[in-house]
Amino acid sequence: MARTLINVPPKAKRGDVISVKTLISHVMESGYRHSTTGAAIPRDIIRSFAASYNGAEIFRAELYPAIAANPFISFHTVATESGTLEFKWEGDNGFAQTASAKITVE
Amino acid sequence: MTQHDRHRTTRRAALRAAGALALGGAAVAVTRTPAAAQTSAAQEAARKAAMQEAIRQVVGEAKVTEGKVTVDIPPLVENGNTVPCTVVVDSPMTAAEHVKAIHVFNEKNPQPNVFSLQLGPRAGRASVSTRIRLQDSQTIHAIAELSDGSFWSGSAPVIITLGACLEDLI
C-alpha cells in the first residue's frame with residue numbers, strides 16, 4: 001500500500017473551477033540506473049493515473065520514467081455536483097492504488 | 001608559546017585540513033561529472049531523433065503550430081531529479097472548443113516521453129502540474145491536441161546543474 005495525499009476543496013460553488021492535487025509515494029525506478037555492483041535495476045514505475053468524478057472519468061495521464069519519484073499531479077475540474085472524486089494509479093509489478101475525496105457543491 | 005597561541009595554531013591547522021578536504025571533494029566532483037554524464041554527440045542526435053519520432057507518433061502527418069501552449073519550468077534547476085513543470089494551454093475549455101490531450105517530450109533523457117494526458121471540457125481549465133526528471137540541460141516540448149483536431153506546441157529551455165541518474169545508490 002502506497003501512501004497517498006489528496007487535496008480537493010471540501011466545499012465549492014456550482015460551476016467553479018477547482019484545483020485537485022494528488023501525491024502518491026512510489027520510487028518510480030526508471031530502469032536506467034545500475035546498482036553499486038553494476039547490475040541494472042529493473043524498471044518499476046506507475047504507468048497510468050485516472051481521476052473520475054461521480055463515476056465519470058475527467059482526467060487520465062500516462063506516466064513515463066521521466067516522472068520524478070513520488071508522482072505529484074495537479075489538474076483542474078469544474079465542480080458540477082456533490083459527490084466523490086476517485087483516483088486510481090496503476091503501474092509495474094501489479095501496482096494498483098485507489099483513493100477518494102468528497103466534495104460538497106452548493 | 002602561550003596557551004592561547006597553541007590554540008590558534010591548532011585551529012589554523014584544522015582549517016587548512018578542512019580546506020584541503022573541500023578542494024579534494026571538489027576535484028572528485030569535477031572529474032566525476034563528465035565521466036558519469038557522458039552522452040556523445042551521436043547519442044544526443046539519436047535521442048533528438050527519438051523525440052521527433054515520438055512526436056510523429058502522436059501527431060501523425062498533421063501540422064503543429066507554435067503557440068497557445070505555455071510550458072512553465074524554472075530556467076535554472078539544481079537537481080534534475082525533481083523539476084516542477086506546469087503546462088497551460090490557452091483554451092476556453094467548452095464542449096465546442098477544448099483541449100483533448102497534452103503530450104510532453106524531452107530531448108536528452110533516455111526516453112523521449114515525459115507524460116501524456118487526456119482532458120475534456122470538464123477540466124474547466126487546461127492547466128496541469130507535475131514534477132519531472134531531467135538528465136541534462138535541454139528544451140522541454142509540449143504538444144496540445146484541440147477538439148477541432150489541430151495541434152499546438154510550446155517549449156521552454158531549462159538548465160540542469162546536476163542531472164537525474166547521477167545520484168549515489170545506497
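In this predicted model, 28 residues of chain B are in contact with 33 residues of chain A. The two chains bury about 2,600 Å² between them, and carbon and sulfur atoms contribute 52% of that area. On the chain B side, strands E6 and E7 (127-132) each supply at least two of the residues that touch chain A. By residue type, this side of chain B consists of ten nonpolar, 13 polar and five charged residues. The rule finds zero salt bridges across the interface of chain B and chain A, while 18 residue pairs, both at pLDDT 80 or more, are in polar contact across it.

**Chain B**

Chain B has two helices and nine strands. Read from the N terminus, both helices precede the strands, in the order α-α-β-β-β-β-β-β-β-β-β. Of its 170 residues, 37% count as buried. Among contacts in chain B with a separation of 6 or more, 66% are between residues 24 or more positions apart.

Two residues of chain B can be described through their surroundings. His103(B) is found in strand E5. His103(B) counts as buried because its relative accessibility is 12%, under the 20% limit. Its side chain makes a polar contact of 3.1 Å with the side chain of Ser116(B). Apart from neighbours within four places in sequence, the contacts of His103(B) are Val58(B), Phe115(B), Ser116(B), His141(B), Ala142(B) and Ile143(B).

Glu107(B) is placed in the loop between strand E5 (99-105) and strand E6 (113-118). Glu107(B) is buried and has no salt bridge. The nearest side chain of opposite charge belongs to Lys48(B), 4.2 Å away; no salt bridge is counted because the rule requires the atoms to be within 4 Å. The side chain of Glu107(B) does have a polar contact of 3.3 Å with that of His141(B). Its contacts beyond four places in sequence are Arg47(B), Lys48(B), Met51(B), Gln138(B), Thr139(B) and His141(B). His141(B) is thus listed as a contact of Glu107(B) and also of His103(B).

**Salt bridges**

Over all chains, a search of the whole structure finds seven salt bridges. The table gives some of them, with the separation of the closest N and O atoms.

| Pair | Closest N and O atoms |
|---|---|
| Glu29(A) and Arg33(A) | 2.9 Å |
| Arg47(A) and Asp92(A) | 2.4 Å |
| Glu53(B) and Arg56(B) | 3.0 Å |

In the pair of Glu29(A) and Arg33(A), both residues are buried.

Arg47(A) and Asp92(A) form a salt bridge that links distant parts of chain A, the two residues being 45 residues apart. Arg47(A) lies in strand E4 (residues 46-53), and Asp92(A) lies in the loop between strand E7 (83-91) and strand E8 (95-105). Arg47(A) is partly exposed because its relative accessible area is 41%, whereas Asp92(A) is buried at 8%.

The salt bridge of Glu53(B) and Arg56(B) has both partners in helix H2 (residues 41-59) of chain B, three residues apart, which is about one turn of the helix. Glu53(B) counts as partly exposed at 38% relative accessibility, and Arg56(B) is partly exposed with a relative accessible area of 43%. In chain A, salt bridges that share partners join Arg43(A), Arg47(A) and Asp92(A) into one network.

Terms used:
Residues are numbered from 1 along each chain as its sequence is written. Chains are lettered from A and ligands numbered from 1 in the order in which they are written. This is a predicted model: local features need pLDDT of at least 70, side-chain atom pairs count only at pLDDT 80 or more; totals for chains, interfaces and linings use all residues. Side-chain values use heavy atoms; hydrogens and water are left out. Helices (H or I, at least four residues) and strands (E, at least two) are DSSP runs, numbered from the N terminus. Buried means under 20% relative accessible area, exposed over 50%, partly exposed in between (1.4 Å probe, protein chains only). Lys and Arg count as positive and Asp and Glu as negative; His and the chain ends are not counted. A polar contact is a pair of N or O atoms within 3.5 Å; within protein, one must be able to donate a hydrogen and the other to accept it, and residues adjacent in sequence count only if both atoms are side-chain atoms. Contact means heavy atoms within 4.5 Å. Buried area is the accessible area (1.4 Å probe) that two parts lose on being put together, summed over both. Ala, Val, Leu, Ile, Met, Phe, Trp, Tyr, Cys and Pro count as nonpolar, Asp, Glu, Lys and Arg as charged, and the others, Gly among them, as polar.
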